[in-house]
Amino acid sequence: MVTDYKSLLPVIDIGPLLAKCDDSDMADDAGVAQVVRKLDKACRDVGFFYVIGHGISEDLINKVKEMTHQFFQLPYEEKLRIKITPAGGYRGYQRIGVNFTSGIQDMHEAIDCYREFKQGKFGDIGKVLEGQNQWPGNPQEYKDVMEEYIKLCTDLSRNILRGISLALGGSPYEFEGKMLRDPFWVMRIIGYPGVNQEDVIGCGAHTDYGLLTLINQDDDKTALQVKNVDGDWIPAIPIPGSFICNIGDMLTILTNGVYESTLHKVINNSPKYRVCVAFFYETNFDAEVEPLDIFKEKYPRKLVTSQVAKRVVYGQHLINKVQATFANLVENS
C-alpha cells in the first residue's frame, strides 16, 4: 500500500484506531490520540481525507472496481435489464445523462442501491425507496462480492465515526445512540465514459447527504475535485489501496456545525473509462437529526452555515434529494 504519496488532502493511517475500536478506554491510547488529532484537523480544515490502514484488503477493493468495469462494458441492452424506475424504489441502472445535479445533466452512468427494508417499515416517507436492489447477473459474483464489501464498509464507517466522536471531545459512542441503532446506507456504483475534450462535468458540485462517505476510485485517473476553504478546487489524486472519506450534511447538523460538509465535483479529462464506487453511511432512516446535546454544550455559538436545516428527518431529506436528482426519470425511458 502506498503511504508516501504526495497529496493536497490529508492522509490518515487509522490502524491504531481500529486496533482499539472496541476498547471503552481507547481515548487513553497514544496511537489513538494521534489519529484523533489528525481526524479533527482534517474535518475542520477540508472535510476530506484519505484513509489507509483500514483493514479492508486491497484485493477486494480492486475486485470491486474490476467487476464494475466489466458490467459497464456490457451492451446497453443488457445493462437495461436492471433499469432504475420510480416504481422500483429508484434502485438499479441509470443510463448516461439521467442523473442531474443542481439542475445540470451529469455525464455518467450508475447503479444505485440502498439498504433494503420491509414494506411499510417507514410509513409514507419510506414508500418512495421501497424495493429490492437490482444487482447485475453478469459478472455472476457481483452481488456476493458487493454484499461482503458493504458489510466491511459499514463496520469501517462506524469505527471512523468513533474517532470523530473523540475528536469532538465526546466519548467514542456519541453517534451510536438513537441516531444509529439501525443505520441506513446508500451505494452509488458509477461509470464515467472517457472524453475527447476537457472539463466534462461527470458530476456537478454538491455535498453528500449523510454522515460519512467512503470513495473507492480507479487508481490511474484523477477526476474528483474538492473545494477548499480558500475557494480553490483541488484534485483528489488516487492513492492505491486507500479510501477517500468525506463528511456529509447529517454530520454537519449533529456536530452543531463544527464540521462542515464540503463541496466536491467530478470533472472528466481522460479518454479512459473511469469507475468510482461510493458508499454512504447514514443515520437511521427515520432519525430526527439535530445537534447532539453534548456538542451544543461544547460549541454553543457555532452556527450551521450550509444549506441544510438545523433539524431534519434523514429519510425525508434523502428522498427529496433523490427525487430532485431524477426529476426527469420516466418509467419508459
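Both faces of strand β7 are covered in this predicted model. On one side sit P183, W185, M187, I189 and G191, and on the other F184, V186, R188, I190 and Y192; all are buried. In total, 10 of the 10 residues of β7 are buried. The strand belongs to an open sheet of 8 strands. The points below start from β7 and work outward.

**Partners of β7**

- β7 pairs with β6, in the antiparallel sense, over 6 bridges.
- In that pairing, A110 stands opposite I190 of β7.
- β7 also joins β14, again antiparallel, through 9 bridges.
- Here P183 has N284 in β14 as its bridge partner.
- In general, strands of a sheet pair through backbone hydrogen bonds, either parallel or antiparallel.

**The open sheet**

- The strand order is β1-β2-β12-β9-β14-β7-β6-β3, and the pairing is mixed.
- The edges are β1 (11-13) and β3 (92-94), and each of them pairs on one side only.
- From one strand to the next, the twist averages 25°.
- At the β3 edge, β3 and β6 (residues 109-114) are antiparallel and share 3 bridges.
- One of the residue pairs there links Q94 with A110 in β6.

**Helices on the sheet**

- Helix α3 packs on the sheet and touches β3, β6, β7 (183-192), β9 (212-217), β12 (243-247) and β14 (274-284).
- The direction of α3 makes about 115° with that of β14.
- Helix α9 (residues 314-325) packs on the sheet too, touching β6, β7 and β14.
- The direction of α9 makes about 20° with that of β7.

**Where α3 meets α6**

- Helix α3 spans residues 58-72, and helix α6 spans residues 142-167.
- Their axes come within 11 Å and cross at roughly 140°.
- That angle makes α3 oblique to α6, because only angles over 145 degrees count as roughly antiparallel.
- The crossing is left-handed.
- From α3, the contact involves L60, K63, V64, M67 and T68.
- From α6, it involves Y142, V145, M146, E148, Y149 and L152.
- By class, this contact has 8 nonpolar, 1 polar and 2 charged residues.

**Strand β13 and its partners**

- β13 covers residues 264-268, and 5 of its 5 residues are buried.
- H264, V266 and N268 point one way from β13, while K265 and I267 point the other way.
- Strand β8 (residues 200-206) runs antiparallel to β13, and 4 bridges join the two.
- Within that pairing, V200 stands opposite N268.
- Strand β10 (residues 224-227) pairs with β13 as well, antiparallel and over 3 bridges.
- L224 has V266 in β13 as its bridge partner.

**Backbone exceptions in the loops**

- Most residues other than glycine have a negative phi, and most peptide bonds are trans.
- The peptide bond from N138 to P139 is cis, with omega near 5°.
- P139 lies in the loop between α5 (123-126) and α6.
- Y90 is not a glycine, yet its phi is positive, at about 55°.
- Y90 sits in the loop between α4 (76-79) and β3.
- D199 is not a glycine either, and it has a positive phi of about 60°.
- D199 is found in the loop between β7 and β8.
- Are Y90 and D199 buried or exposed?
- Y90 has a relative accessible area of 9%, so it counts as buried, the cut-off being under 20%.
- D199 has a relative accessible area of 51%, so it counts as exposed, the cut-off being over 50%.

Notes: Residues are numbered from 1 along each chain as its sequence is written. This is a predicted model: local features need pLDDT of at least 70, side-chain atom pairs count only at pLDDT 80 or more; totals for chains, interfaces and linings use all residues. Side-chain values use heavy atoms; hydrogens and water are left out. Axes are lines fitted to C-alpha atoms, for helices over the stretch in contact, and angles run from 0 to 180 degrees between N-to-C directions. Angles under 35 degrees count as roughly parallel, over 145 as roughly antiparallel, 65 to 115 as roughly perpendicular and the rest as oblique. A crossing is left-handed if the near helix is turned anticlockwise from the far one by less than a right angle, and right-handed if clockwise. Contact means heavy atoms within 4.5 Å. Ala, Val, Leu, Ile, Met, Phe, Trp, Tyr, Cys and Pro count as nonpolar, Asp, Glu, Lys and Arg as charged, and the others, Gly among them, as polar. Buried means under 20% relative accessible area, exposed over 50%, partly exposed in between (1.4 Å probe, protein chains only). Two strands pair if DSSP finds at least two bridges between them.
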